[in-house]
Amino acid sequence: MIFILLLGNSLFTEILKRDKFCPKGKHVYITGGSSGLGKEIAKLMASKGAHAARSREDHENLKFTAIFADLTDYDESIRALNEASSKHNGRVPEIIFCCAGFSLPRIFIEQPIKEFEKTMQLNYFGTLYTVHEAVKRMAQQNVKGKIVLVSSLLGLCGFIGYSSYAPTKHAIKGLVECLRNELILYGISVHGYFAGTIDTPGYHEEMKIKPKVTHDIEGDSKVTSEHAAKSLYNGLCKGNVFITTDIVGDAIRASSLGISQANNAFYDAILCFIAWVG
Amino acid sequence: DYSVYNQHIYITGGSKGLGKEFAKLMASKGAHVTISARGQGDLDLALEEIKEAAQSREDYENLKFNVVSADLSKYDDSIRALDEASSKHDGRVPDVIICNAGISLPGIFIERPIDEYEKTMQLNYFGALYTTHEAAKRMAQQGVKGKIVMVSSVAGLCGFLGYSSYAPTKHALRGLAECLRHELILYDISVHCYFAGTIDTPSYKEEEKIKPKITKDIEGNPITPKDAAKALYKGICKGNFFITSDIIGDAMRASALGTINNFFFPEIGLKLKLEILFTCIYCLHNIGISPSNNAFFDGLLCGITWVG
């Protein structure tokens with residue numbers, strides 16, 4: 001009986017899900033958009049007809065802009081947002097992707113404290129500064145926008161070597177949850193992307209210093225930035241709040257849900273059970 | 001079961017609230033206690049209460065109770081505080097570190113100034129990190145098979161309206177605790193994370209003055225610091241990684257799936273309220289790949305909350 005209810009609910013949810021994602025004609029703002037995931041998202045958004053503030057190409061009526069800014073600095077983050085908006089008559093971008101971030105995996109007691117601080121400063125505060133300002137403007141300008149924060153599977157769990165990184169991605173998850181609740185009031189939707197390992201320039205930098213044991217646990221399976229961007233796009237089109245790249249990610253996500261929104265209650269229940277038993 | 005007898009317990013933010021009650025409990029069980037916090041006045045008052053808690057013990061004269069005044073959001077001060085605590089024990093790093101110092105400034109996201117987010121992260125996360133990092137190094141060097149306890153919150157398992165400056169910091173603590181649980185096994189150091197519910201402390205009373213009404217409605221009623229301290233103590237003695245203060249927290253920790261999308265109610269206001277209500281009822285399955293405290297009990301709770 002319960003299964004039927006759950007299944008029924010899931011079907012209704014799929015049908016009635018708000019947030020049909022359509023970037024065409026919208027202004028998309030991407031932090032960390034010059035390489036890796038950010039760059040692929042920009043390309044994908046451009047191919048769907050969005051204006052992307054990221055790279056310098058002119059194509060008919062679409063506007064593409066590159067802005068150089070140190071997003072760990074509050075004033076710089078605001079300036080970057082201003083510059084992006086100025087190309088659209090001061091209107092705040094409708095869709096914000098916060099991808100800027102990095103990781104320095106090391107053994108905890110060997111890692112200098114400065115690295116913990118730098119990582120949190122970009123990964124969490126870099127995101128917060130942009131989102132805080134953008135949301136204020138969306139509320140003021142009555143733009144029913146979309147905020148997408150890039151977390152990681154390491155924002156749902158943690159293991160050896162990632163003690164400077166996992167907390168920053170957990171913090172992003174916490175922010176997604178609070179803002180999801182809160183920004184409903186302004187018609188702004190919020191999504192969190194819990195990516196697994198992505199093959200990016202950043203990843204290659206990481207590999208130079210990553211402890212062997214961390215690498216062993218993580219494994220070698222990774223996806224291309226293009227694939228990751230597509231997974232994110234698909235998740236947004238489905239209206240999922242918590243988005244992952246693949247089934248393993250999904251299992252981790254489903255078993256760490258907390259009171260977060262299940263993407264599909266029935267599917268998540270099965271995954272949850274599998275993850276619990278496994 | 002773990003015994004705190006004759007162990008040196010170091011508690012940050014130990015002059016008030018949960019920290020102070022835990023310090024008193026430890027003293028009554030025969031542990032040496034050092035508490036650190038900013039205000040010397042509060043520390044001195046707390047010290048009297050801690051001594052009183054142990055007074056009836058036969059070994060009272062052998063127990064060492066100390067205070068250190070420090071700003072734990074600063075790296076140098078955190079190290080100095082740890083040094084001072086250790087100096088009373090021949091330079092030996094404390095056996096148990098309770099990272100409890102923290103603040104909460106609830107409010108509506110777009111209304112709060114950015115520096116509140118920075119301050120909150122600086123104390124709640126970095127304050128814990130600075131002490132933990134140094135303590136773990138020393139435990140490894142000195143061969144002390146110690147314990148590190150992070151005081152997170154149910155807001156570190158879920159987040160809701162009004163806590164956008166606080167929940168990320170408590171989530172970050174959980175992330176840190178999970179990584180360290182894994183990593184510090186190498187040095188025989190055990191790690192615990194306490195997901196306390198709302199506790200009725202002086203800080204809580206301060207919070208209530210600025211908390212948005214809707215956040216209060218969601219949150220519900222607090223428990224006493226004494227009960228919160230007892231729950232933490234029990235969890236540590238049992239060796240649980242994931243410790244919660246009450247059955248709701250437990251259900252939140254172990255339970256089944258997220259919220260059912262309240263598609264029956266299209267109107268926004270009611271929708272939000274119901275979503276929030278459902279989130280409180282349909283608690284969390286937050287184990288992920290963390291160790292289940294007791295697989296059978298958790299499975300049962302999971303089933304109950306999923307059905308309920």
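# Worked exercises on a two-chain model

The crossing of α5(A) and α5(B) is right-handed (a crossing is left-handed if the near helix is turned anticlockwise from the far one by less than a right angle, and right-handed if clockwise). Helices here are DSSP runs of H or I with at least four residues, and strands are runs of E with at least two, numbered from the N terminus.

This is a predicted model, in which local features need pLDDT of at least 70 and side-chain atom pairs count only at pLDDT 80 or more, while totals for chains, interfaces and linings use all residues. Residues are numbered from 1 along each chain as its sequence is written, chains are lettered from A and ligands numbered from 1 in the order in which they are written, and side-chain values use heavy atoms, with hydrogens and water left out.

## Exercise 1: the helix pair

Describe how α5(A) and α5(B) pack, and which residues meet.

Step 1. Start with the geometry. Two packed helices are described by the angle between their axes and the distance between the axes. Helix α5 of chain A (residues 166-183) and helix α5 of chain B (residues 167-183) pack at about 145°, with axes 7 Å apart. Axes are lines fitted to C-alpha atoms, for helices over the stretch in contact, and angles run from 0 to 180 degrees between N-to-C directions.

Step 2. List the partners. From α5(A) come A166(A), P167(A), H170(A), A171(A), K173(A), G174(A), L175(A) and C178(A); these meet A167(B), P168(B), H171(B), A172(B), R174(B), G175(B), L176(B) and C179(B) of α5(B). Contact means heavy atoms within 4.5 Å.

Step 3. Sort them by type. The residues of this contact comprise 10 nonpolar, 4 polar and 2 charged (Ala, Val, Leu, Ile, Met, Phe, Trp, Tyr, Cys and Pro count as nonpolar, Asp, Glu, Lys and Arg as charged, and the others, Gly among them, as polar).

Step 4. Zoom in on one residue. A171(A) in helix α5 of chain A is buried, with a relative accessible area of 0%. Buried means under 20% relative accessible area, exposed over 50%, and partly exposed in between, with a 1.4 Å probe and protein chains only. Leaving aside neighbours within four places in sequence, A171(A) is in contact with Y124(A), M121(B), P168(B), H171(B) and A172(B).

## Exercise 2: the two sides of α2(B)

Which residues of α2(B) are buried, and which are exposed?

Step 1. Check the length. Helix α2 of chain B (residues 40-54) has 15 residues and should span 21 Å at 1.5 Å a residue, which agrees with the 21 Å between its end C-alpha atoms. The expected span is 1.5 Å times one less than the number of residues.

Step 2. Pick out the buried set: L43(B), A46(B), L47(B), I50(B) and A54(B). They cover an arc of only 115° around the axis, so they lie on the same side of α2(B). The arc is that of the directions from the helix axis to the C-beta atoms.

Step 3. Turn to the other side of α2(B), where L45(B) and E52(B) are exposed.

Step 4. Find the neighbours. The buried residues of α2(B) pack against α1 (17-28), β2 (32-37) and β3 (65-69) of chain B.

## Exercise 3: positive phi in chain A

Where are N89(A) and N142(A) found, and are they buried or exposed?

Step 1. Recall the background. Most residues other than glycine have a negative phi.

Step 2. Take N89(A), whose phi is near 55°. N89(A) sits in the loop between α3 (74-86) and β4 (95-98) of chain A and is exposed, at 81% relative accessible area.

Step 3. Take N142(A), with a positive phi of about 55°. Its loop runs between α4 (113-141) and β5 (146-152) of chain A, and N142(A) is exposed, with a relative accessible area of 55%.

Step 4. Add a glycine. Just after α8(A), G239(A) takes a positive phi of about 80°.

## Exercise 4: a loop residue and the whole chains

Place D188(B), then give an overview of both chains.

Step 1. D188(B) lies in the loop between α5 and β6 (190-196) of chain B and counts as partly exposed at 46% relative accessibility.

Step 2. Beyond its neighbours within four places in sequence, D188(B) is in contact with K145(B) and G146(B).

Step 3. Chain A has 10 helices and 9 strands, and 62% of its 278 residues are buried. Chain B has 11 helices and 7 strands, with 63% of its 308 residues buried.
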